[in-house]
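Hi everyone, thanks for making time for this one. Have a look at the model on the screen, and then I'll walk you through it.

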Amino acid sequence: MKLKKKPLILIVDDDPLMVETIVTIVEESKKYETITAANGYEALERLDQFKRWGGLAKNKIACIVLDIKMPHMNGLEFLDAWRKSELFFKKIPIVLLTAYEDKEIWTKAALLDKGMVSEYFKKPIEDYTQFTDTLDRILFNNENEFMKDIIREKARKEVLKYDVE
C-alpha cells in the first residue's frame with residue numbers, strides 16, 4: 001500500500017518568530033509538511049521550485065499562508081504576481097495573515113478575482129485549533145470554493161459599508 005504524501009504548505013512571513021509559530025502549529029497536527037519564505041519574491045521562487053511537469057500539472061504546494069505586510073514584495077503584490085502566472089484551473093488556496101486590522105487591504109485581497117483568498121487570520125493567531133481546522137477544510141474537505149465565496153461576500157459588505165460612510 002502506497003502512503004499518500006502530506007499536503008505541502010508554503011508559509012510566507014518576514015517575522016521569524018511568527019514563521020516558527022505557524023510551522024509548529026501546522027506540523028504538530030501531523031497532517032502537513034511546511035516550507036517557508038520571508039517575502040513575496042522568495043515565495044515565487046519556492047512555487048517555481050515545486051512546479052510539476054514544467055507548470056502544466058498542479059503545483060506540489062497545496063496551500064499558501066501569506067502575510068500581508070512584508071519588505072521587498074508584500075502579500076498583495078505577491079498575490080497579483082502569482083495569480084497572473086498561475087493557470088486558471090490550478091489555483092492554490094491562500095490564507096491571509098496580518099498583524100494590522102486593515103479592513104481595506106483585506107477587502108482588496110478578498111475581492112480581487114486573482115486573489116481568491118479562502119480565509120483571513122489576524123496575528124498573532126490565538127486559536128490554533130481554528131487555524132488547523134481551516135487548513136483541514138481547505139485541503140481535506142474541499143471547501144475552498146465555498147470559503148472563498150464567504151470571504152468575498154464579507155468583503156462586498158465592507159465595501160458597501162465604506163461607500164455609505
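I'll talk about the nonpolar cores, then one helix, then the salt bridges.

One thing up front: this is a predicted model.

Let's begin with the packing. The largest nonpolar core is made of 22 residues. If you want to find it on screen, look for Leu10, Val12, Leu47, Ile64, Leu66, Phe78 and Leu96, which have the most contacts inside it. Which elements supply it with at least two residues each? Those are the strands β1 (8-12), β2 (33-37), β3 (61-67), β4 (94-98) and β5 (117-122), together with the helices α2 (40-49) and α3 (75-85). The biggest contribution is from α3, which gives four residues. Apart from this core there is another, of 19 residues, including Val23, Val95, Phe131 and Leu135.

Let's stay with α3 for a moment. Its buried residues are Gly75, Leu76, Phe78, Leu79, Trp82 and Arg83. Looking down the helix axis, you'd see these buried residues fall within an arc of 155°, so they line one face of α3. There's also a nice detail at the start of this helix: a side-chain oxygen of Asn74 comes to within 3.0 Å of the backbone nitrogen of Leu76.

Now for the charges. How many salt bridges are there? The count is four, and I'll show you some of them.

Lys123 pairs with Asp13, with their closest N and O atoms 2.9 Å apart. Lys123 sits in the loop between β5 and α5 (128-139), while Asp13 is in the loop between β1 and α1 (16-28), so this salt bridge ties together parts 110 residues apart in sequence. And are these two residues buried or exposed? Both Lys123 and Asp13 are buried.

Lys123 also forms a salt bridge with Asp67, where the closest N and O atoms are 3.3 Å apart. This pair again links distant parts of the chain, since Asp67 belongs to strand β3 and the two residues are 56 apart. Asp67 is buried, as is Lys123. Through shared partners, the salt bridges join Asp13, Asp67 and Lys123 into one network.

Let me finish with a pair inside a helix. Arg46 forms a salt bridge with Glu42, and here the closest N and O atoms are 3.9 Å apart. The two are four residues apart in α2, so about one helical turn separates them. Arg46 is partly exposed, at 21% relative accessible area, and Glu42 is partly exposed too, at 26%.

That's my tour, so please go ahead with questions.

Conventions. Residues are numbered from 1 along each chain as its sequence is written. This is a predicted model: local features need pLDDT of at least 70, side-chain atom pairs count only at pLDDT 80 or more; totals for chains, interfaces and linings use all residues. Side-chain values use heavy atoms; hydrogens and water are left out. A nonpolar core is a set of buried Ala, Val, Leu, Ile, Met, Phe, Trp, Tyr and Cys residues joined through side-chain atoms within 4.5 Å. Buried means under 20% relative accessible area, exposed over 50%, partly exposed in between (1.4 Å probe, protein chains only). The arc is that of the directions from the helix axis to the C-beta atoms. A polar contact is a pair of N or O atoms within 3.5 Å; within protein, one must be able to donate a hydrogen and the other to accept it, and residues adjacent in sequence count only if both atoms are side-chain atoms. A salt bridge is a side-chain nitrogen of Lys or Arg within 4 Å of a carboxyl oxygen of Asp or Glu.
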